[in-house]
Amino acid sequence: MNLFDQVSEDIKKAMLARDKVRLEALRGAKKEFLEAKTAKGANGELSDENATKIIVKMVKQRKESAKIYQENNRPELADNELAEAAVLEEYLPKQLSADELDAELRAIVAETGAAGPRDMGKVMGIASKRLAGRAEGRAISEAVKNILNSL
């Protein structure tokens, strides 16, 4: 079952369970999926890779919104955003630990022959594609910087 079908199925389960937070998060995801499927040049298909990218973006948006709500002293809204982010994260591949991320990035650095901070773009291009959905872009960037600065 692909990600689109899985989300659609889980929407039905959330409705039956009367799980409001889960239902809202999944409906938002399905809306984004449908928009991507009907976008110009999408030919009515949505690959799991593209669906994962959409969910990563949605989780990031929810976390950023929660941070803003917390800064503005609105914890009830922040909690809702974080709850929705947690629901969406269930549909992402297992996140890499710091050690696993470091090992993957060191392999990419060796593969590209990067010699220092000037090669950041070359390493990031490959790392972002290869680790998409398994690690946050910010974490990848920080780790690559640390590795390249230590060369």
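This report walks through a predicted model of one protein chain, from its overall build to a few of its residues. Local features are described where pLDDT is at least 70 and side-chain atom pairs where it is 80 or more, while totals for chains, interfaces and linings use all residues. Residues are numbered from 1 along each chain as its sequence is written, and side-chain values use heavy atoms, with hydrogens and water left out.

## The whole chain

Start with the secondary structure: the chain has 7 helices and 0 strands, giving the pattern α-α-α-α-α-α-α along the sequence. Here helices (H or I, at least four residues) and strands (E, at least two) are DSSP runs, numbered from the N terminus. The C-alpha atoms fill a box of roughly 55 × 45 × 25 Å along the principal axes.

Of the 151 residues, 36% count as buried. Buried means under 20% relative accessible area, exposed means over 50%, and partly exposed lies in between (1.4 Å probe, protein chains only). The chain exposes about 9,400 Å², and carbon and sulfur atoms supply 51% of that area; the areas come from the Shrake-Rupley method with a 1.4 Å probe.

Now look at contacts, meaning heavy atoms within 4.5 Å. Among contacts between residues at least 6 apart in sequence, 59% join residues at least 24 apart.

The chain carries 26 positive and 26 negative side chains, and the centres of the two sets lie 3 Å apart. Lys and Arg count as positive and Asp and Glu as negative, leaving out His and the chain ends. Each charge is placed at NZ of Lys, CZ of Arg, CG of Asp or CD of Glu.

## Helix α3 and Arg62

Find helix α3, residues 48–71, which holds Arg62. The 24 residues of α3 should span 34 Å at 1.5 Å a residue, and the end C-alpha atoms are 35 Å apart, which agrees. The expected span is 1.5 Å times one less than the number of residues.

The buried residues of α3 are Ala51, Thr52, Ile54, Ile55, Met58, Val59, Arg62 and Ala66. Their cover includes α1 (3–17), α2 (20–38) and α4 (75–89).

Why does Arg62 count as buried? Its relative accessibility is 12%, and buried means under 20%. Leaving aside neighbours within four places in sequence, Arg62 is in contact with Glu81, Glu84, Ala85 and Leu88.

## Helix α5

Helix α5 (residues 98–112) has 15 residues, which should span 21 Å at 1.5 Å a residue; the end C-alpha atoms are 21 Å apart, in agreement. Its buried residues are Leu101, Leu105, Ile108, Val109 and Thr112. Seen down the axis of α5, these residues fall within an arc of 100°, so they line one face of the helix. The arc is that of the directions from the helix axis to the C-beta atoms. An α-helix has 3.6 residues a turn, so residues three or four places apart point the same way.

The buried residues of α5 pack against α6 (120–130) and α7 (137–149). On the face turned away from this buried side you will find the exposed residues Asp99, Ala110 and Glu111.

## Positive phi angles

Gly113, which follows α5, has a positive phi near 75°. Two residues other than glycine also have positive phi values:

| Residue | Phi | Loop | Relative accessibility |
|---|---|---|---|
| Arg18 | about 55° | between α1 and α2 | 76%, exposed |
| Asn73 | near 60° | between α3 and α4 | 64%, exposed |
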